[in-house]
Amino acid sequence: MADNPRLIEHQYDGIQEYDNPLPRWWVLLFWATIVFSIMYAFNLGVGSGPGRIAQYEAEVAAAKAAAPPPAEFTSPEELAAMATNTQIVEAGKAVYTTNCVSCHKADGGGLIGPNLTDNAWIHGGTLMEMHKTITEGVIAKGMPPWGTLLKPDQIDAVTVYVASMKNTNVPGGKAAEGTVVP
Ligand code: HEC
């Protein structure tokens, strides 16, 4: 045993260490993974293709180009058209009943929030202005930013529903606040 060249001097607990080399194919594979990881880290395009970063960016750009533009922005014309669509106004009423009555009262006469049935508006009474107020809220005054809580089409619908209450002057509503919009 002692003349075995693979036996190393080192001993522990009476057990002598044996130099047991890994197979050559294994060692080569090991080095290959290191070389590959360096090339990967430096984004060298090995084989065909532009490299992973350029490829990722190209794919994102292609997906963006293919996707329809975000529907966040509703144009004044779209809102005006929705305001004449009774189905959408009814859908808006449902959104209102679920989310808005606690502060604006079921009939829109106002509680914590202002009366929505008069012709005075703090933040403007056009469809676009109401849409903006509802989307962004007035956090300092306690009006939540519904843009983060409702879907865009729900905001559109509740906007046209609120607009339909305008100037209906329900009895028992809160006193007018803001600027009168004729
Ligand atoms: C937690 C209470 C609360 C809830 C819920 C609430 N609002 Fe309001 N809202 C307010 C307050 C308070 C104001 C007044 C903001 C101010 O004084 O600037 C307001 C203002 C408004 C205005 C502007 C009125 C104006 O005169 O310019 C609109 C429009 C409106 N809310 C619509 C809605 C809709 C639609 C919902 C439901 C999706 C809703 N609000 C839910 C509290 C609320």
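## A hairpin to start with

Two strands count as paired if DSSP finds at least two bridges between them. Here, strand 1 (residues 7–12) and strand 2 (residues 15–18) pair up in the antiparallel sense, with 3 bridges. Strands are DSSP runs of E with at least two residues, helices are runs of H or I with at least four, and both are numbered from the N terminus.

Look across the pair and you'll find Tyr-12 opposite Ile-15 in strand 2. The hairpin has 2 residues between its strands, and Asp-13 takes a positive phi near 50 degrees there.

## What you're looking at

This is a predicted model, where local features need pLDDT of at least 70, side-chain atom pairs count only at pLDDT 80 or more, and totals for chains, interfaces and linings use all residues. Residues are numbered from 1 along each chain as its sequence is written, and side-chain values use heavy atoms, with hydrogens and water left out.

## Around the ligand

Which residues are closest to the ligand? They are Cys-100, Cys-103, His-104, His-123 and Met-143, out of 22 that surround the ligand (a residue is near if one of its heavy atoms lies within 4 Å). By class, this shell has 14 nonpolar, 7 polar and 1 charged residues; Ala, Val, Leu, Ile, Met, Phe, Trp, Tyr, Cys and Pro count as nonpolar, Asp, Glu, Lys and Arg as charged, and the others, Gly among them, as polar.

Now for the N and O atoms. The side chain of His-104 has an N or O atom 2.7 Å from a nitrogen atom of the ligand. For the side chain of His-123, an N or O atom is 2.5 Å from an oxygen atom of the ligand. Ile-122 uses its backbone instead, with an N or O atom 2.7 Å from a ligand oxygen atom. Helix 5 (101–104), helix 6 (127–136) and helix 7 (152–165) are the elements that give two or more residues to the shell. Helix 5 gives the most, with 3 residues.

Definitions and conventions: Polar contact = N/O pair within 3.5 Å; in protein donor to acceptor, adjacent residues only side chain to side chain.
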